[in-house]
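Got the viewer open? Follow along, and we'll go from the whole chain down to a single residue.

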Amino acid sequence: YFGRKDELLAIVAIKDQIKATSAEAVRELRTQGIEVYMLTGDGERTASAVAGRLGNIQYIADALPDDKEEFVRQLQRKTVAMVGDGINDSQALACADVSIAMGKGTDIAMDVAMVTLMTSDLLLLPKAFNLSRQTVRLIHQNLFWAFIYNLIGIPIAAGLLYPINGLLLNPMLASAAMAFSSVSVVLNSLRLRY
């Protein structure tokens, strides 16, 4: 408000702009089974309006850095990912199980975070979580197949079958089998691109 004595001269209203993809990102995160909360230092009215435009997400307004950290710690019965871009987010980023900084955020947020997105587009979050799940799945598959190769190959190479049927594994074949094991792990990992 701007005035002179008893006269109102001007009213200026400032409103947060929400990126066009933010509501879609929240929908995709929810589709993946991820609960979404907004922790903000903004006042109740602003926080409520933004939360409504993002699909009625749960929020905490007037949150100080200590409040954000405490909220993250309360949620840590489950795995908690914290996304932030500011100095006020750095405490909560530091204590989260997974911390993600936005690319156009402050240096302290990017230094503390485990992952930094190249842009500030929240639509990258569902993609990052999906990529992470696929990577972990591939790691488990690769470990399983490497274990099976070794479980079968090492005893045969050591002569376990020799007393039974006289079979000895030629060292050339054993090395080829180990090389194929490595190649199969690499080929399986390359599936991540598709």
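Start with the cartoon view of the whole protein: the secondary structure comes to 8 helices and 7 strands (DSSP runs numbered from the N terminus, with helices being H or I of at least four residues and strands E of at least two). The radius of gyration is 27 Å, well over the 16 Å that the globule rule gives for 194 residues, so the protein is more spread out than a compact globule (the radius is taken over C-alpha atoms, and the rule is 2.2 Å times the number of residues to the power 0.38).

One thing to know early: this is a predicted model, where local features need pLDDT of at least 70, side-chain atom pairs count only at pLDDT 80 or more, and totals for chains, interfaces and linings use all residues. Residues are numbered from 1 along each chain as its sequence is written, and side-chain values use heavy atoms, leaving out hydrogens and water.

Next, show just the C-alpha trace and turn it around: along its principal axes it spans about 105 × 30 × 30 Å.

Switch to a surface. Buried residues make up 25% of the 194 residues (buried is under 20% relative accessible area, exposed over 50%, partly exposed in between, with a 1.4 Å probe and protein chains only).

Now select Ser48. Which helix is Ser48 in? Ser48 sits in helix α2, residues 44–53. Ser48 has 35% relative accessibility, so it counts as partly exposed.

Last stop: keep Ser48 selected and add Gln58, 10 residues apart from it along the chain. Their C-alpha atoms are separated by 9.0 Å.
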